[in-house]
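Please walk me through this structure in the viewer. Tell me what to select at each stop, and what is there.

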Amino acid sequence: MKRLLTIALITAASVANAQNTSKQEVAPELVEQRETLKKEITTDYLALKNNLLISDSVAVTANAKGLADALAKFKFKKLTLDQMNLSTTTRKEIIDLANEIAATKNINKQRKAFATLSVKFWNIAAKLKPMDLPLYQQVCPMTGEIWLSDCKEIKNPYYPKNMLTCGEVKASL
């Protein structure tokens with residue numbers, strides 16, 4: 001019995017030591033890969049918004065595809081089961097909306113889907129935002145539609161011709 005207990009303790013200590021060594025060796029690389037993916041997701045979202053500003057539906061389509069692809073690769077970490085379920089569901093909804101945007105070249109339909117996508121993106125933006133990039137939630141007071149930006153300057157992607165500077169910063173991350 002003593003021998004069995006000794007073997008179990010040695011095995012447990014070896015596993016714990018291997019896990020600690022593994023974390024020390026792999027963690028910085030994984031953190032860097034995760035930050036790169038977060039940056040790609042956020043950059044794709046911001047490019048999508050910026051191309052809506054200039055009404056470039058072809059570029060919007062490409063940005064939406066990029067956003068959907070990058071989000072599909074992203075895995076959430078350090079969440080409770082309920083948070084994980086909510087975040088995963090929201091990510092799926094964003095991917096579906098991005099695919100809907102990519103499926104049309106009609107800029108008005110793209111903007112309409114982007115409005116819903118932006119609300120959902122904001123709900124999980126804290127988990128997707130790179131460490132070194134601020135994000136601002138902006139809202140058009142005339143319509144209540146929101147979007148995210150990496151700067152405080154207002155450039156309304158929904159009405160760029162008539163109300164380009166209509167909006168205000170509501171929150172930031």
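The tour below starts with confidence and then moves through the helices.

**Stop 1: colour by confidence.** This model is predicted. Mean pLDDT over the chain is 88, and 85% of the residues reach 70 or more. Now compare elements. Strand β1, residues 136–139, has the highest mean pLDDT, at 98. Helix α1, residues 2–53, has the lowest, at 73. Select residues 18–24. The pLDDT there is below 50. Beyond near neighbours in sequence, the stretch 18–24 has two contacts in the model. Where pLDDT is low, predicted coordinates should not be read in detail.

**Stop 2: α3 against α4.** Select residues 81–102, which form helix α3. Add residues 107–128, helix α4. The axes of α3 and α4 are 9 Å apart, and the packing angle is about 155 degrees. An angle over 145 degrees counts as roughly antiparallel, so α3 is roughly antiparallel to α4. Their crossing is left-handed. Show side chains at the contact. On the α3 side, look for residues including Ser 87, Glu 93, Ile 94 and Leu 97. On the α4 side, the residues include Phe 114, Leu 117, Lys 120 and Ile 124.

**Stop 3: Ser 87.** Stay in helix α3 and pick Ser 87. Is Ser 87 buried or exposed? Its relative accessibility is 2%, and under 20% counts as buried, so Ser 87 is buried. Leaving aside residues up to four places away in sequence, Ser 87 touches Phe 76, Leu 79, Ile 124 and Lys 127.

**Stop 4: Glu 93.** Move along helix α3 to Glu 93. Here the relative accessible area is 31%, so Glu 93 is partly exposed. Which side chain does the side chain of Glu 93 join in a polar contact? Select Lys 120: the polar contact between the two side chains is 3.0 Å. Then pick Thr 116. Thr 116 and Glu 93 are 23 residues apart along the chain, and their C-alpha atoms are separated by 9.5 Å.

**Stop 5: α2 against α4.** Keep α4 selected and add helix α2, residues 57–73. The axes of α2 and α4 come within 12 Å and cross at roughly 30 degrees. Angles under 35 degrees count as roughly parallel, so α2 is roughly parallel to α4. This crossing, too, is left-handed. Display the residues that meet. From α2, they are Ser 57, Val 60, Thr 61, Leu 67 and Leu 71. From α4, they are Ile 107, Gln 110, Leu 117, Phe 121 and Leu 128.

Notes. Residues numbered from 1 in each chain as written. Predicted model: local features only at pLDDT ≥ 70, side-chain atom pairs only at ≥ 80, totals over all residues. Heavy atoms only, no water. Helix = DSSP H or I, 4+ residues; strand = E, 2+ residues; numbered from the N terminus. Buried < 20%, exposed > 50% of the residue type's maximum accessible area, 1.4 Å probe, protein only. Contact = heavy atoms within 4.5 Å. pLDDT = per-residue confidence, 0-100. Polar contact = N/O pair within 3.5 Å; in protein donor to acceptor, adjacent residues only side chain to side chain. Axes fitted to C-alpha atoms, helices over the stretch in contact; angles between N-to-C directions. Parallel < 35°, antiparallel > 145°, perpendicular 65-115°, else oblique. Left-handed = near helix turned anticlockwise from the far one by under 90°.
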